[in-house]
Amino acid sequence: MIECRYQYLTITALACCISLPALAQDTDLAKQLSNPVSSLISVPFQVNYDRGYGPEDGHRTTLNIQPVIPFSLNEDWTLVSRTIVPVIWQSDIAGKSGSQFGLGDTVQSFFFSPKKPGPGGLIWGMGPVFLLPTGTHELLGSEKWGAGPTAVALKQEGSWTVGALANHIWSFAGDRDRSDISSSMFQPFVSYTTDDAWTFALNTESTYDWNSDQWSVPINFSVSKVVKFGTQPVSFQAGARYWAASPDNGPEGWGYRANITFLFPK
């Protein structure tokens, strides 16, 4: 009986020792996900639903495919590629405009980031951002080429991540009959990651249209969890957002977000 109890305790202790590193690794992956310029390869599939467009209370569902791929340049610097390819389903977003399905415009960002944090633990990156007119319908894209600067700065201390990402895009080519683009995006964010790889995040993906003098301010709250299917780590996220401000005929009220992210740690 004593030997059986000893074997049980030994097996239990070994199981705990084995599970602790896996849990710590999951928590580390969750923290890396909160850092836009981490060395983690990730492929998020993010679904957003918004409503209240125009006089017909139109609605839009957007699947953002957002691969993030870091490239090591040398011992000191990393180049992080962040791509957003939207696949859009929408109905009556411009009055009785019917339904459209297809690609929206692609946003491609590149961040040059030091591999080691700076003074005070500051993590940062900066580089160019490009707008590619990949929209497959006139109501899905701008039909304009655009470019501008982008930058991110953040600090991670303990379970907390606090920072901001920003960019500005000017159009420089495209359909002359379409409106020019001069748009700033500002995304402050804060998140808290628990020891068991849950992350609670709050941000606002605010944009300001300098041509129409209008703000878009969605306030997003989300909860995510890193889990593993075999050896493949995956993050699941769900959340809601409220449109504190939006342009004329833009979305109103509450929207929803769900996300699945495949992680490929080095």
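In this predicted model, strand β1, which spans residues 41-53, and strand β15, which spans residues 252-264, pair in the antiparallel sense over 10 bridges. Strand β1 is also joined by eight bridges to strand β2 (residues 58-65), and these two strands likewise run antiparallel. The points below take up the pairing of β1, then the second largest pocket, and then two buried residues, T194 and S206.

**Strand β1 and its partners**

- Within the pairing of β1 with β15, P44 is the residue that stands opposite T261 of β15.
- On the side of β2, Y53 stands opposite G58, and the hairpin formed by β1 and β2 has four residues between the strands, where G54 takes a positive phi near 65°.

**The second largest pocket**

- The second largest pocket holds about 270 Å³ of space, and its lining is made up of 17 residues, among which N35, V37, S38, S39 and K115 lie nearest the centre of the pocket.
- Two strands, β3 (68-72) and β6 (106-114), each supply at least two residues of this lining, and the largest share, three residues, comes from β3.
- Sorted by class, the lining of the second largest pocket comprises eight polar residues, six nonpolar residues and three charged residues.

**T194, in the loop between β10 and β11**

- T194 lies in the loop that connects β10 (182-193) with β11 (198-204), and it counts as buried because its relative accessibility is 17%, which falls under the 20% cut-off.
- The side chain of T194 makes a polar contact with the side chain of D196 at 2.4 Å.
- When residues up to four places away in sequence are not counted, T194 touches T27 and F200.

**S206, in strand β12**

- S206 belongs to strand β12, which covers residues 206-209, and with a relative accessibility of 6% this serine is under the 20% limit and therefore counts as buried.
- The side chain of S206 makes a polar contact with the side chain of T204, at a distance of 2.7 Å.
- Once its neighbours within four places in sequence are left aside, S206 is in contact with S184, M185 and F186, and also with W215, S216, V217 and P218.

Conventions. Residues numbered from 1 in each chain as written. Predicted model: local features only at pLDDT ≥ 70, side-chain atom pairs only at ≥ 80, totals over all residues. Heavy atoms only, no water. 1 Å grid on protein atoms, 1.4 Å probe; cavity = no way out; pocket = protein on both sides within 12 Å on 5 of 7 lines; lining within 4 Å. Points joined across faces, edges and corners; volume = space filled by probe spheres on them. Nonpolar A, V, L, I, M, F, W, Y, C, P; charged D, E, K, R; others polar. Pairing = 2+ DSSP bridges. Buried < 20%, exposed > 50% of the residue type's maximum accessible area, 1.4 Å probe, protein only. Polar contact = N/O pair within 3.5 Å; in protein donor to acceptor, adjacent residues only side chain to side chain. Contact = heavy atoms within 4.5 Å.
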